[in-house]
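Me: I want the reasoning behind the labels, not just the labels. Can you take me through it?

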Amino acid sequence: MATRSSSLRIGVVGFGHLGQYLVERILTDGATVGLTLAFVWNRNPAKLKGLVPDELQLGDLSSFANRQCDVIVEVCHPQVVKEFGVHFLSCCHFMVGSPSALADHDLNENLHKAARLYGRTLYVPSGALWGGQDIQRLNDSGALKALFIRMSKHPSCFRLTGDVLSEWTEGEGRRVLFRGSVAELCPLAPNNVNTMAAAAVAAGNLGFNGVRGEIVSDTALSDYHVVEVEVTGPDGFSARTVRRNPARLGAVTGSATYNSFWNSLLVCKGHGGRVYLC
């Protein structure tokens with residue numbers, strides 16, 4: 001792994017808004033923080049032209065091992081985690097930018113096993129989750145009794161499967177789209193509930209089935225997303241946080257989440273065969 005005289009080699013899988021941000025930060029600031037870009041892959045390679053140096057573009061993701069990465073960061077889609085997650089961990093540490101994929105119990109178990117087998121770390125970035133480390137500490141002490149997360153966004157910011165939000169009109173106000181377990185929510189909104197998935201990872205004793213979530217469409221939220229977290233512990237203990245994350249209309253990811261991902265990447269120094277919320 002990296003020392004003061006060497007850098008962590010980072011592979012970035014996905015070149016949407018978040019992927020572009022991370023690539024630009026690594027190319028601009030990586031030398032000062034010990035990070036080097038090893039490759040960038042995107043489902044549509046044409047989007048890399050003129051933005052990523054040719055020698056850093058990876059055409060075939062299955063050849064990732066040739067780039068000898070220390071950490072691969074997925075910011076693409078849960079399907080990539082399903083297809084390549086175990087393979088990534090066989091060669092390097094892996095940051096799951098789409099932790100909604102971990103709602104699949106078998107995939108979650110296989111990734112945990114691979115991390116232990118190969119002595120790698122499966123990193124789960126906190127993203128827009130506020131207080132994730134506190135939730136994890138409460139969970140690890142056995143004191144976490146319940147966890148609820150509500151995510152409210154302008155309807156243009158949701159990317160849902162099925163017809164849950166097939167039609168909406170500006171000015172319609174607030175509408176609860178779904179309330180249930182995070183395990184049920186993840187396949188419904190795989191691109192929108194990664195914050196909830198990160199919370200389910202932090203609350204490992206409750207898991208994806210035990211953590212409850214709610215997604216709300218609200219046409220009044222034209223400038224930001226709202227993430228509310230309610231934690232319940234023993235003897236009447238409770239805590240509630242409300243985070244307003246600035247976001248443009250139509251944006252899946254709030255602007256403050258970009259820097260949160262960058263900060264998560266900075267702590268990827270290897271933690272030895274475990275899952276690590278960062």
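Reply: What follows covers a surface patch and two pockets in a predicted model.

Me: Why is Y118 called partly exposed?
Reply: Its relative accessibility is 37%. Buried means under 20%, and exposed means over 50%. Y118 falls in between, so it counts as partly exposed.

Me: What makes V86, L117 and Y118 a nonpolar patch?
Reply: Patch residues need over 30% relative accessible area, and nonpolar side chains are joined within 5 Å. Y118 has 37%, so it passes the area cut-off. Together V86, L117 and Y118 have about 290 Å² of accessible area on the surface.

Me: Where does Y118 lie?
Reply: In helix 3, residues 105-118.

Me: How much space lies in the largest pocket, and which residues are closest to its centre?
Reply: About 970 Å³. Of the 43 lining residues, H17, L18, N191, V252 and T253 are closest to the centre. Elements that give two or more residues to this lining include helix 1 (17-33) and strand 6 (146-153).

Me: How do the residues of that lining divide by class?
Reply: Into 16 nonpolar, 22 polar and five charged. Gly counts as polar here.

Me: What makes N108 a lining residue of the second largest pocket?
Reply: A lining residue has an atom within 4 Å of a pocket point. N108 is one of the 19 that line this pocket, so N108 meets that cut-off. N108 is also among the closest to the centre, with H112, A200, G204 and G207. The pocket holds about 420 Å³ of space.

Me: Which element gives the most to that lining?
Reply: Helix 3, with four residues. By class, the lining has eight nonpolar, eight polar and three charged residues.

Conventions: Residues are numbered from 1 along each chain as its sequence is written. This is a predicted model: local features need pLDDT of at least 70, side-chain atom pairs count only at pLDDT 80 or more; totals for chains, interfaces and linings use all residues. Side-chain values use heavy atoms; hydrogens and water are left out. Patches are made of residues with over 30% relative accessible area and no salt bridge: like charges are joined within 9 Å, nonpolar side chains (Val, Leu, Ile, Met, Phe, Trp, Tyr) within 5 Å. Accessible areas come from the Shrake-Rupley method with a 1.4 Å probe; for residues, only the protein chains shown count as cover. A salt bridge is a side-chain nitrogen of Lys or Arg within 4 Å of a carboxyl oxygen of Asp or Glu. Buried means under 20% relative accessible area, exposed over 50%, partly exposed in between (1.4 Å probe, protein chains only). On a 1 Å grid over the protein atoms alone, a cavity is a set of points where a 1.4 Å probe fits but cannot get out, and a pocket is an open set with protein on both sides within 12 Å along at least five of seven lines; lining residues have an atom within 4 Å of a point. Grid points are joined across faces, edges and corners, and a volume is the space filled by probe spheres set on the points.
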